[in-house]
Amino acid sequence: MAGSNLSARVQALPGDPIFGVVERFKADPRPNKVNLAQGVYMDESGSTPILGTVREAERRLLASSTTKVYKPIAGDPRYLEVMRAILFRPAGAPWGDLEPAVSGRVEMVQTPGGTGAIRLAVELVTHLRPEAEIWISEPTWPNHRQIVDESGAVARQHTWLSADGARLDIEGLLAAIDAARPGDAMILHASCHNPTGIDPTPAQWSEIAAHATARGILPIIDFAYQGFGDGLVEDAAAVRAFLQVGGEFLVASSGSKNFALYDERIGALAIVGADASAATTLLSHVKALVRTAWSNPPAHGGEIIVEILSDPKLRAEWELEVTAMRTRIADNRAALVAALAAAGAGDWSHLANGRGMFALLNLDDAQIARLRDDHAVYVVALGRLNVAGLTSTNIPVVAKAIAAVVA
Ligand SMILES: Cc1ncc(COP(=O)(O)O)c(C=O)c1O
């Protein structure tokens, strides 16, 4: 009977807020179109190449791999070790050193992308503490909201930007932490806040960590852009701040951006317990969740990262590749601010305060549609644009288009 069809009582959902825009961009026949929608790094030619170190690692893997047998539920132990090293490396310390406060209380799990790690973190919270509410910044990466909603937990929003959009509303953020219920969780972007580009300073992270610990809030640190802000170690200030205060927290890391391994779906969840035994207990629950979701992770992306990070020469080359991406992004940001001024678009100097790939123009839907329809410039909600998609050729065009829609 048609009435019993699974599809009978549902309507189609709208497309994803980011992937949906990219699909529309691809279908646009205009040759001068500019894709500033998706959060992937692009070079001056507008492409997202495979890193040289990744190519070399894959060449080695092709020559040396002997099996495709399953990895353990928590992932490849060699991958987990190098990821622990990169997430918890003290400032100024040699490779392989860990922050003393780690002291055996960090367990790691290999996940399909940063998204898999965030989903796992949220599932862990709802599994162990169903009454917990999960706080996200307003605005944030739309998938945070979607993941929390899908988990069944109540999503709560806290402020991120000051009214003028130029800086972090630290007072508002701390007030939200102080007002949350003990046991709630809060997803915090470690660096390169998506979509605003505005991050806490290291001193502000210490304040945030102190308030979260005092209130009994579980931080879920979304670390999707390590190395794209100020540097691989510098960008981990949030992780170090939460380690120092000694409480439990989770870190969702992604290899999509800094290794450009977008389609390999490689990430990691770090589980920081109050002590080693707490971390082991939490890991056992995470493994039970993994077993019924993806069972054990896809291997190739992790093997590439192991190959790169375990070889001092390849690791040094990769650090240079990350530096080159970060520098180009920062240069583009400065060039955009200058081009907007030259185009008579008004004062956008606050965009220079941001770091990472995103800048927020704060446009309404009609302005975003005009950018797309009249100027073939694609940005996502609120006018978030990917500064990595700018090139010396398209910057003046984009700046003029923005000037036209804000006039
Ligand atoms: C803020 C944020 N978190 C997490 C991710 C997860 O990335 P992935 O699942 O591709 O590793 C992204 C990707 O765009 C992101 O922007």
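**Asn394**

I looked up Asn394 in this predicted model. Is Asn394 buried or exposed? Asn394 has 12% relative accessibility, so it counts as buried; the cut-off for buried is under 20%. I placed Asn394 in helix α13, which covers residues 394-406. Next I followed the side chain. The Asn394 side chain reaches the backbone oxygen of Gly389, at 3.1 Å. I then listed the contacts of Asn394, leaving aside neighbours within four places in sequence. Val34 and Gly389 came up.

**Whole protein**

I stepped back to the overall fold. I noted 13 helices and 11 strands. The radius of gyration is 21 Å, and the globule rule gives 22 Å for 407 residues, so the protein is as compact as a globular protein of that length. I took the box along the principal axes. The C-alpha atoms fill roughly 60 × 60 × 50 Å.

How much of the protein is buried? I found that buried residues make up 56% of the 407. I also checked how far apart in sequence the contacts reach. Of the contacts between residues at least 6 apart in sequence, 74% join residues at least 24 apart.

For the surface, I wrote down an accessible area of about 17400 Å². Carbon and sulfur atoms account for 56% of that area. For charge, I have 36 positive and 45 negative side chains. The centres of the two sets lie 4 Å apart.

**Loop between β5 and α7**

I went through this loop residue by residue. It runs between β5 (185-189) and α7 (202-215), and His193 sits in it. His193 is at 0% relative accessibility, so I entered it as buried. Which side chain does the His193 side chain meet in a polar contact? The partner is the side chain of Ser137, at 3.0 Å. I also took the wider set of residues that His193 touches, not counting those up to four places away in sequence. The set is Ser137, Pro139, Trp160, Ile198, Asp199 and Phe358.

Cys192 is in the same loop, between β5 and α7. I checked its backbone. Phi of Cys192 is near 55°, which is positive, and Cys192 is not a glycine. Most residues other than glycine have a negative phi. Cys192 is buried, with a relative accessible area of 1%.

Pro195 is also in the loop between β5 and α7. The peptide bond joining Asn194 and Pro195 is cis, with omega about 20°. Most peptide bonds are trans.

**Other backbone entries**

I noted another cis peptide bond, from Glu138 to Pro139, with omega near 5°. Pro139 lies in the loop between β3 (133-138) and α5 (142-151). I had already met Pro139 among the residues that His193 touches.

I then looked at Ala260. Its phi is positive, about 55°, though Ala260 is not a glycine. I found Ala260 in the loop between β7 (249-254) and β8 (267-272). Ala260 is buried, at a relative accessible area of 17%.

**Helix α10**

How many residues of α10 are buried? I counted through residues 300-310 and got eight of 11, so the helix is mostly covered. The buried ones are Gly301, Gly302, Glu303, Ile304, Ile305, Val306, Ile308 and Leu309. What do these buried residues pack against? I found three helices and a strand there: α2 (52-64), α3 (77-87), α11 (312-342) and β2 (106-111).

**Ala237**

I looked up Ala237 and found it in helix α8, residues 237-245. Ala237 is buried, with a relative accessible area of 12%. Leaving aside neighbours within four places in sequence, I have Pro202 and Trp205 as contacts of Ala237. I also took the separation between Ala237 and Ser191. These residues are 46 apart along the chain, and their C-alpha atoms are separated by 8.6 Å.

**Pro31**

My last entry is Pro31. I found Pro31 in the loop between α1 (19-27) and β1 (34-35). Is Pro31 buried or exposed? At 83% relative accessibility, Pro31 counts as exposed; the cut-off for exposed is over 50%. How far apart are Pro31 and His144 in space? I have 34 Å, C-alpha to C-alpha, for a pair 113 residues apart in sequence.

Methods
Residues numbered from 1 in each chain as written. Predicted model: local features only at pLDDT ≥ 70, side-chain atom pairs only at ≥ 80, totals over all residues. Heavy atoms only, no water. Helix = DSSP H or I, 4+ residues; strand = E, 2+ residues; numbered from the N terminus. Rg over C-alpha atoms; globule rule 2.2 N^0.38 Å. Buried < 20%, exposed > 50% of the residue type's maximum accessible area, 1.4 Å probe, protein only. Contact = heavy atoms within 4.5 Å. Areas by Shrake-Rupley, 256 points an atom, 1.4 Å probe, with all protein chains shown as cover. Lys, Arg positive; Asp, Glu negative; His and termini not counted. Charge placed at Lys NZ, Arg CZ, Asp CG, Glu CD. Polar contact = N/O pair within 3.5 Å; in protein donor to acceptor, adjacent residues only side chain to side chain.
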